[in-house]
Amino acid sequence: MQLRILILCLLAAVSTTHAAHNITHILAKHPSFSTFSHYLTVTHLASEINRRRTITVCAVDNAAMNDLLAKHYSLPTLKNILSLHIFADYFGAKKLHQITKGSTTTSSLFQATGEAAGTSGYVNITDIKGGKVGFAPVDSDSDGPMATFVKSLEEFPYDLAVIQISHTLSSPEAAAPAAAPSDLNVTSIMARQGCQTFSDMIIAQGAEETFSQSVQGGLTIFCPSDEALDAFRPRYKNLTADGKTSLLLFHGVPVYNSLGMLRSSNGLVNTLATEGAKKFDFTVQNDGDDVKLETKVVTATITGTLVDEDPLAVFKVDKVLLPKELFKAAPPAPAPKAAPKSKSKSKGGAADEDEDADSPGPAADDVAAADEDSTNDGDRVRGGGVAALCFSLVLCVLAYIS
C-alpha cells in the first residue's frame, strides 16, 4: 500500500512539470492556425520560440494570415511582422485582464532582431471598456481595427502563453523591406540600438570588416555603455593602433550566445582578438540571474539586450572589458581580518563583557540586501517546475516513511 502511494505521488510530482515547449506541436491541435504555424517554421521563428523560457505567442487564424499574405511581403519582411506577435514576457489570460494601471508596454522579438529602430519593436497592451484587451505596436499607423484578445490556446504559467488575437499586428518599421541575414551590417545595427559610440570606435579603427565577417558563423558582442566609454577614452588614446584594435575585438565572441546560453554555459571563452599564444579570453560567470564577464582586470555585468537573434547577439555591459594582455591585472582582494578573541571570566569570578554583547548584529544594509535576495529568489521560482517537483518528492518520501 505504501509503495502504491509512493508511485502515485511520484506521478503527481512529474505532472507538475512540463517538457520544453514546442510551438508547432501546440498549434497542431488547432487546425485553424495551420498557416500561422507554417510561417513560424519557414521563418525559423518556431525554433526561436522553442529555445526561450519565457514567451507569449499571439497567434492569428488562417483568415487573418490570408489577409497578411495577400500583401505579398518578402519572407524576411514577413518574419519581422510575425516577430511583433511574439513577446519576451508571459501574458496569460488572467494577467491580460489584470494589467496594472490598465496598460503596459512589452518588447517583441522584432525588437530583438536589431531591425527595429528605437521603440518600434515594442507593443502596447491595453484593457479596453467591455472587458476586452487590445494590442498595438507603439509606432502603428494602421487605420484598421485594433487587434484584440480572443481566447487562450495553451498556457504554462509563467513560461509560455499561446493566445489568439483577432487581427495581425504591423508597423511601418516591421513592414519595410528587410535584408537577408547575410547582409546584416553589424555597426549599423549597434548604432540604431544604442551602441553608437562603440560602433563609431570600431569603424574609426578599421575593425568593422572583422565583426561583419564573423556574423554568418555566429557572433556575440558585448557593447560597453556610452558612459563607460567616455570615462575610458583617456586610457584608450594611450594604446597603440594594434592595442586599440585588439581591445575592440576583445568585445566580440565568434559564437552566437543568447542570454539563456550565457547563464547556463559558464567558463572561459575566446574572443575575436584571440591569436595563437595571445589568448585574449575572459570568463563568463552567472550570479543568479546576472551574467558577469571576468577578465582578471575588471568584472563587467550585462545590463541589457540590444539584439538577440541567431546568428547575432549584442548585449550592453556596464564596463569596458580590459584584457590582461594590455592592462595590469587587478590586485587580489585583501584577506578578511580575524575576529577578535572573546574575553573569559577572571579567576575572582568577575565576568568581562558578555561575548554576545560585543558581537555586532547585521547592519541595516545587510538586512535590506537579504530581504531583496529573498524577494528575487521568490520571483525566480514563481513558475519553476523543478521546485514543484522537489517539493512533491519530499512529501512523497515522508508519506512513504509514515
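The crossing of helices H5 and H6 is right-handed in this predicted model. These two helices pack at an angle of about 140 degrees, and their axes lie 12 Å apart. They are therefore oblique to each other, since angles over 145 degrees would count as roughly antiparallel. At this crossing, Met65, Leu68 and Leu69 of H5 meet Leu78, Ile81 and Leu82 of H6.

Which residues of H5, the helix spanning residues 62-69, are buried? They are Ala64, Met65 and Leu68, and because they fall within an arc of 100 degrees when seen down the axis of H5, they line one face of the helix. The partners against which these buried residues pack are helix H3 (34-42) and helix H6 (75-83).

Beyond these helices, the model contains separate nonpolar cores, which are set side by side below.

| Core | Number of residues | Residues named |
|---|---|---|
| Largest nonpolar core | 51 residues | Ile221, Phe222 and Phe282, which touch the most other members |
| Second, separate core | 42 residues | Ala46, Leu109, Phe135 and Ile163, among them |

Strand E14 (residues 312-317) supplies five residues to the largest core, and this is the largest share of that core. Phe222, one of the residues that touch the most other members of this core, has contacts with Phe198, His251, Val253, Leu262, Phe282, Leu293, Ile302, Phe315, Val317 and Leu321, when residues up to four places away in sequence are not counted. In soluble globular proteins, nonpolar side chains tend to be buried together.

Notes
Residues are numbered from 1 along each chain as its sequence is written. This is a predicted model: local features need pLDDT of at least 70, side-chain atom pairs count only at pLDDT 80 or more; totals for chains, interfaces and linings use all residues. Side-chain values use heavy atoms; hydrogens and water are left out. A nonpolar core is a set of buried Ala, Val, Leu, Ile, Met, Phe, Trp, Tyr and Cys residues joined through side-chain atoms within 4.5 Å. Buried means under 20% relative accessible area, exposed over 50%, partly exposed in between (1.4 Å probe, protein chains only). Helices (H or I, at least four residues) and strands (E, at least two) are DSSP runs, numbered from the N terminus. Contact means heavy atoms within 4.5 Å. The arc is that of the directions from the helix axis to the C-beta atoms. Axes are lines fitted to C-alpha atoms, for helices over the stretch in contact, and angles run from 0 to 180 degrees between N-to-C directions. Angles under 35 degrees count as roughly parallel, over 145 as roughly antiparallel, 65 to 115 as roughly perpendicular and the rest as oblique. A crossing is left-handed if the near helix is turned anticlockwise from the far one by less than a right angle, and right-handed if clockwise.
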